[in-house]
Structures are given as C-alpha cells and as structure tokens.
Amino acid sequence: MKRFVYLLLTTVFMVSLVACDNSQNQIENNGTHTSQTIAKEGDSVLIAYFTAAENSGVDAISSASYTTIDGTDVGRVRAVADMIKEGTGGELFSIQTETVYPADGEELIDYASQEQDEDARPVLTSEIENFDQYDVVFIGYPTWWYDMPQALYSFFDTYDFSGKTIVPFNVHNGSQFSGTIETIKKLEPNATVVTDGYTVSENDVADASEDVQVWLTSLGY
C-alpha cells in the first residue's frame, strides 16, 4: 500500500513539474519574459510586417485579418507593429505583394495552403530604401498553416540581413510561432535572430499594448 501511495505521489509530482515547465514556456513564447537585451544607443530600427489586411484589395475591411483599435479597423499584425513603433521609435514598413489575397478567412487559409504546396515566392511591390542603414529589424507576420506566409520567404530572399538583429513578432490562431523562428535562423544564418519573439492570439491583439511594452522593456527599449 505504501509503495502504491509513493508511486502515485511521484507521478503527481512529475506531472506538476511538466505543467510548470509548459506554463513557463508559454510565458516566454508570449514575449512577457526574456533575458535577451538587444537595444543599443544609436541603433536604427525597422519594423517590417506582412498582413493580409493590406494585401486584400480595397473591399477587405471586413476581412478576418482586421481588428479594431481605438475605433479604427486595422490589420492585426499592423496593430502590433504600431505598438512596437511606439516603444522603439522605429520606422514602419509594410511588405506588399502583387498577389491580392482573399479577404474571406477560409478562402485565405486555403490560398495560403496552395502557396505553400507550390513553394511560391510572391512578387513584392514595396521596397525598403537604404536597408543597410538598419541595425535591428522587427519582422511581423501571421501564422498560416504552421508556417510564415510565402511573402516572408520572398522578403528574406530580397534583402541581406548579415550582421543585423532580427526580432520576430507574430499573430496566431492557436499555433504561436510554430517553428518559424528556427526557419528564419536557417534563412538568415549570418544574422542574430532573437528567439524570444512576441506572439499573441488574434483574439487578444486589441488589448496587447501593455504586454508588448513589457516585452520591449525586457529587450532594453
């Protein structure tokens, strides 16, 4: 009987440890805890982001890619980018493509799946002037089918990130970064990629400002 009780208590203890570890990982993945201080005086900061809301045509205001901030409809990833701009003073850059993405959420996800199957490289229509001047580049994107949008692959193909610091941020529907930070590290082996990026559920974007500022403070901003 004592042996059974001992085994039961041991099992409960081990489960508790795993739960605590998972909870801590969740906190770190949400960007509210990090030990990577990257901010340096004089660094030039760029905040590049991709959101379907700015690549879905003029009638996309009802798109699932939007949220409402202070009474204004804005793309979810753009909303987080604005919060980062507020905390860093960096410059915003919208990654835009020739591809016009569906505004409807289900159609958009289906289209994203097709692009992934084809390993597509959407043609970019926006261009960063004097990319070399930036030391730190925050890069934001939604998670589509457990990966970055293919437009991000076009973006990384276009610019040389050697010697720069890349800081990912992300909006998701339950899958968080889904390994995309490791993908960025493989695509840009000569850059420093911050692994404690900020990721937030699409349902929580409108209320994320305080969390974003806490995360930026932990990075040194």
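**Exercise 1: a histidine side chain**

Which backbone nitrogen does the side chain of His-172 reach at 3.3 Å?

*Solution.* Before we start, a word on the model: it is predicted, so local features need pLDDT of at least 70 and side-chain atom pairs count only at pLDDT 80 or more, while totals for chains, interfaces and linings use all residues. Residues are numbered from 1 along each chain as its sequence is written, and side-chain values use heavy atoms, with hydrogens and water left out.

Step 1. Find His-172 in strand 6. Helices (H or I, at least four residues) and strands (E, at least two) are DSSP runs, numbered from the N terminus.

Step 2. Look at its surroundings: with 7% relative accessibility, His-172 is buried. The cut-offs are under 20% relative accessible area for buried, over 50% for exposed, and partly exposed in between (1.4 Å probe, protein chains only).

Step 3. Follow the side chain, and you arrive at the backbone nitrogen of Ser-201, 3.3 Å away. That's our answer. A polar atom of the His-172 side chain also lies 3.4 Å from the backbone nitrogen of Gln-176. These are polar contacts (N or O atoms within 3.5 Å; within protein, one must be able to donate a hydrogen and the other to accept it, and residues adjacent in sequence count only if both atoms are side-chain atoms).

**Exercise 2: the overall layout**

Work out how many helices and strands the chain has, and in what order they come.

*Solution.* Step 1. Count them up: there are six helices and eight strands.

Step 2. Walk along from the N terminus, and the order reads α-β-β-β-α-β-α-β-α-β-α-β-β-α.

Step 3. Check the burial too: 45% of the 221 residues count as buried.

**Exercise 3: helix 2 and its salt bridges**

Check the length of helix 2, then find the salt bridges made by Arg-78.

*Solution.* Step 1. Helix 2 covers residues 76–88. Its expected span is 1.5 Å times one less than its number of residues. For 13 residues that gives 18 Å, and the end C-alpha atoms sit 19 Å apart, so the two agree.

Step 2. See which residues are tucked away: the buried ones in helix 2 include Val-77, Val-80, Met-83 and Ile-84. Just past the helix, Gly-89 has a positive phi of about 75°.

Step 3. Now for Arg-78, which is partly exposed at 25% relative accessible area. Arg-78 pairs with Asp-82 in a salt bridge at 2.8 Å, N to O. The term means a side-chain nitrogen of Lys or Arg within 4 Å of a carboxyl oxygen of Asp or Glu. Asp-82 and Arg-78 are four residues apart in helix 2, so about one helical turn separates them.

Step 4. Arg-78 has another partner in Glu-54, with the closest N and O atoms 3.5 Å apart. Glu-54 belongs to the loop between strand 1 (45–49) and strand 2 (66–69), so this pair ties together parts that are 24 residues apart in sequence.

Step 5. Look elsewhere too: Asp-119 and Arg-121 form a salt bridge at 2.8 Å between the closest N and O atoms. Back at the shared partner, Glu-54, Arg-78 and Asp-82 are joined into one network. In the whole structure, the search finds five salt bridges.

**Exercise 4: the largest pocket**

Describe the largest pocket by its volume and its lining.

*Solution.* Step 1. On a 1 Å grid over the protein atoms alone, a pocket is an open set of points where a 1.4 Å probe fits, with protein on both sides within 12 Å along at least five of seven lines; lining residues have an atom within 4 Å of a point. Grid points are joined across faces, edges and corners, and a volume is the space filled by probe spheres set on the points. Here it comes to about 440 Å³.

Step 2. The lining has 20 residues, and those nearest the centre are Ile-109, Thr-143, Trp-144, Asn-173 and Glu-202. Helix 2, helix 3 (105–118) and strand 6 (165–172) each give two or more residues. Helix 3 has the largest share, with three.

Step 3. Sort the lining by class: 10 are nonpolar, eight polar and two charged. Here Ala, Val, Leu, Ile, Met, Phe, Trp, Tyr, Cys and Pro count as nonpolar, Asp, Glu, Lys and Arg as charged, and the others, Gly among them, as polar.

**Exercise 5: two positive phi angles**

Compare where Asn-130 and Gln-176 lie.

*Solution.* Step 1. Asn-130 is not a glycine, yet its phi is positive, about 55°. Its loop runs between helix 3 and strand 5 (136–142), and Asn-130 is exposed at 56% relative accessibility.

Step 2. Gln-176, also not a glycine, has a positive phi of about 50°. Gln-176 sits in the loop between strand 6 and helix 5 (180–187), and is buried at 14% relative accessible area.
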